[in-house]
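The following exercises ask the reader to work through one structure step by step. Each task is followed by its solution.

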Amino acid sequence: MDKFRMIFQFFQSNQESFMNGICGIMALASTQMYSAFDFNCPCLPHYNLAYGLGILLVPPFILFLLGFVLNNNISMLAEEWRRPQGQRGKDPSVLRYMFCSMAQRAMIAPAVWVSVTLLDGKCITCAFCTSVPVETLGNASHPHLSQGEIQRVLARIPCKEIYNGQQLIANEVAVRYLRCISQALGWCFVLLMTTLAFLVRSLRPCFSQAAFLKSRYWSHYIDIERKLFDETCAEHARSFAKVCIQQFFEGMSTDLVAARCHLPRKAPADAGEAAKKLLGITDQGTMNMALKSWHRCKPPLHLHPPALPTENGSAGEGQLPTHPSALRRETAAYYSWV
């Protein structure tokens, strides 16, 4: 249990680790889904290809979309892409990094599905059974069979219980031939995916490491900023609700006292603390205006230090310079006087 707890804590450490864990779970789920799937080829000339390729390609597409849906950053990416320019510019490299990061993680489960399907060979056997070279593997000069009848016989190769073309081509030979081709394609696909992942991981630092670090940093910043904004809004809503409820009960107490119903009245200890958390936003219209302002014109990513008061109590002529080197020089001059 301790190992599972450590793994769970690692997945919860940050957003990237969490999404890696989700993608790993989806990859395992795709293999379990395929093993539990009851594959039934229709064994008809005009339906085998559609059924086989559908099982090979449609579930990976669904898993790919599901990977985007389970990714929490998809809403953040859409919000950042569609928001107005405002006081903060939008960096296309950050948006590209977020999209590529989500796409790479969402591709894991589909790649596992395609690999397992090709290595198993049932889909390729069902889809291309009518393309088996009878001239090479069987008896192409079988009498009393037209081209259409031969296609119908070959379409029954995946269905061993109803196959009746042993004189044309042996069922075991055709199945083994198609399965070997499918497994070859499967291993080529695995090798291709592994090679691409290796090239992306190994060659990216050689060309654009600085740009990659910049994009990764600011994508993490957007995620953290959004979480902190949600937490701040939730804390403000809690304080707003607490003050509203306290004012309601205080008003009810005043009405009961006016009606000569003497009730014990105790001032809440946390009323002042809750009022301080409102930060001057004490009505619905002001709060709505603040939310719209945050969406339309986010503050620029440039932190201004607060103005330091002088001896007269104002931050005017005697204000210290904000540049770090200037601060260090002035401090050194002060100590030289001492």
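**Exercise 1. Determine which backbone oxygens lie close enough to the side chain of arginine 83 to count as polar contacts, and describe the setting of this residue.**

Solution. The model is a predicted one.

Step 1. The cut-off for a polar contact is a pair of N or O atoms within 3.5 Å. A polar atom of the arginine 83 side chain lies 3.3 Å from the backbone oxygen of glutamine 85. For the backbone oxygen of glycine 89, the distance to a polar atom of that side chain is 3.5 Å.

Step 2. Arginine 83 is located in the loop that runs between helix H4 (73-82) and H5.

Step 3. The relative accessible area of arginine 83 is 1%. Because buried means under 20%, arginine 83 is classed as buried.

Step 4. When neighbours within four places in sequence are set aside, arginine 83 is in contact with Arg88, Gly89, Lys90, His295 and Lys298.

**Exercise 2. State where arginine 296 is placed, whether it is buried or exposed, and which residues it touches.**

Solution.

Step 1. Arginine 296 belongs to helix H12, which covers residues 284-296.

Step 2. Its relative accessibility is 52%. Since exposed means over 50%, arginine 296 counts as exposed.

Step 3. Not counting residues up to four places away in sequence, arginine 296 touches Pro84, Gln85 and Gly86.

Step 4. Arginine 296 and arginine 88 are 208 residues apart along the chain, and their C-alpha atoms are separated by 9.5 Å.

**Exercise 3. Classify alanine 174 and leucine 185 by accessibility, and give for each a residue distant in sequence with its C-alpha separation.**

Solution.

Step 1. Alanine 174 is found in helix H10, and leucine 185 lies in helix H10 as well.

Step 2. Alanine 174 has a relative accessible area of 0% and is therefore buried. Leucine 185, at 43% relative accessibility, counts as partly exposed, because that class lies between the limits of 20% and 50%.

Step 3. The C-alpha atom of alanine 174 is separated by 7.7 Å from that of cysteine 129, which is 45 residues apart from it along the chain. Leucine 185 and isoleucine 124 are 61 residues apart in sequence, with 9.8 Å from C-alpha to C-alpha.

Step 4. Leaving out residues up to four places away in sequence, alanine 174 touches Val132, Ile157 and Ile169.

**Exercise 4. Decide whether alanine 50 and cysteine 43 are buried or exposed, and identify the backbone feature of cysteine 43.**

Solution.

Step 1. Alanine 50 is part of helix H3 (residues 48-70). Cysteine 43 is placed in the loop between H2 and H3.

Step 2. At 55% relative accessibility, alanine 50 counts as exposed. At 4%, cysteine 43 counts as buried.

Step 3. Although cysteine 43 is not a glycine, it has a positive phi of about 55 degrees.

Step 4. Alanine 50 and alanine 127 stand 77 residues apart along the chain, while their C-alpha atoms are separated by 7.0 Å.

**Exercise 5. Describe the largest pocket: its volume, its lining and the elements that supply that lining.**

Solution.

Step 1. The volume of the largest pocket is about 960 Å³.

Step 2. The lining consists of 27 residues, and those nearest the centre of the pocket are Cys100, Gln104, Val200, Arg201 and Arg204.

Step 3. By residue class, the lining divides into 13 nonpolar, eight polar and six charged residues.

Step 4. At least two lining residues come from each of helix H2 (15-36), helix H5 (92-106), helix H6 (108-120) and helix H10 (171-258). H10 provides the largest share, 14 residues.

Step 5. Domain 1 (20-207) and domain 2 (209-260) each contribute at least three residues to this lining.

**Exercise 6. Summarise the protein as a whole by its secondary structure, its buried fraction and its contacts.**

Solution.

Step 1. The protein has 13 helices and zero strands.

Step 2. Of its 338 residues, 27% count as buried.

Step 3. Consider the contacts between residues at least 6 apart in sequence: 74% of them join residues at least 24 apart.

Definitions and conventions
Residues are numbered from 1 along each chain as its sequence is written. This is a predicted model: local features need pLDDT of at least 70, side-chain atom pairs count only at pLDDT 80 or more; totals for chains, interfaces and linings use all residues. Side-chain values use heavy atoms; hydrogens and water are left out. On a 1 Å grid over the protein atoms alone, a cavity is a set of points where a 1.4 Å probe fits but cannot get out, and a pocket is an open set with protein on both sides within 12 Å along at least five of seven lines; lining residues have an atom within 4 Å of a point. Grid points are joined across faces, edges and corners, and a volume is the space filled by probe spheres set on the points. Helices (H or I, at least four residues) and strands (E, at least two) are DSSP runs, numbered from the N terminus. Ala, Val, Leu, Ile, Met, Phe, Trp, Tyr, Cys and Pro count as nonpolar, Asp, Glu, Lys and Arg as charged, and the others, Gly among them, as polar. Domain bounds come from an automatic or database domain assignment. Buried means under 20% relative accessible area, exposed over 50%, partly exposed in between (1.4 Å probe, protein chains only). A polar contact is a pair of N or O atoms within 3.5 Å; within protein, one must be able to donate a hydrogen and the other to accept it, and residues adjacent in sequence count only if both atoms are side-chain atoms. Contact means heavy atoms within 4.5 Å.
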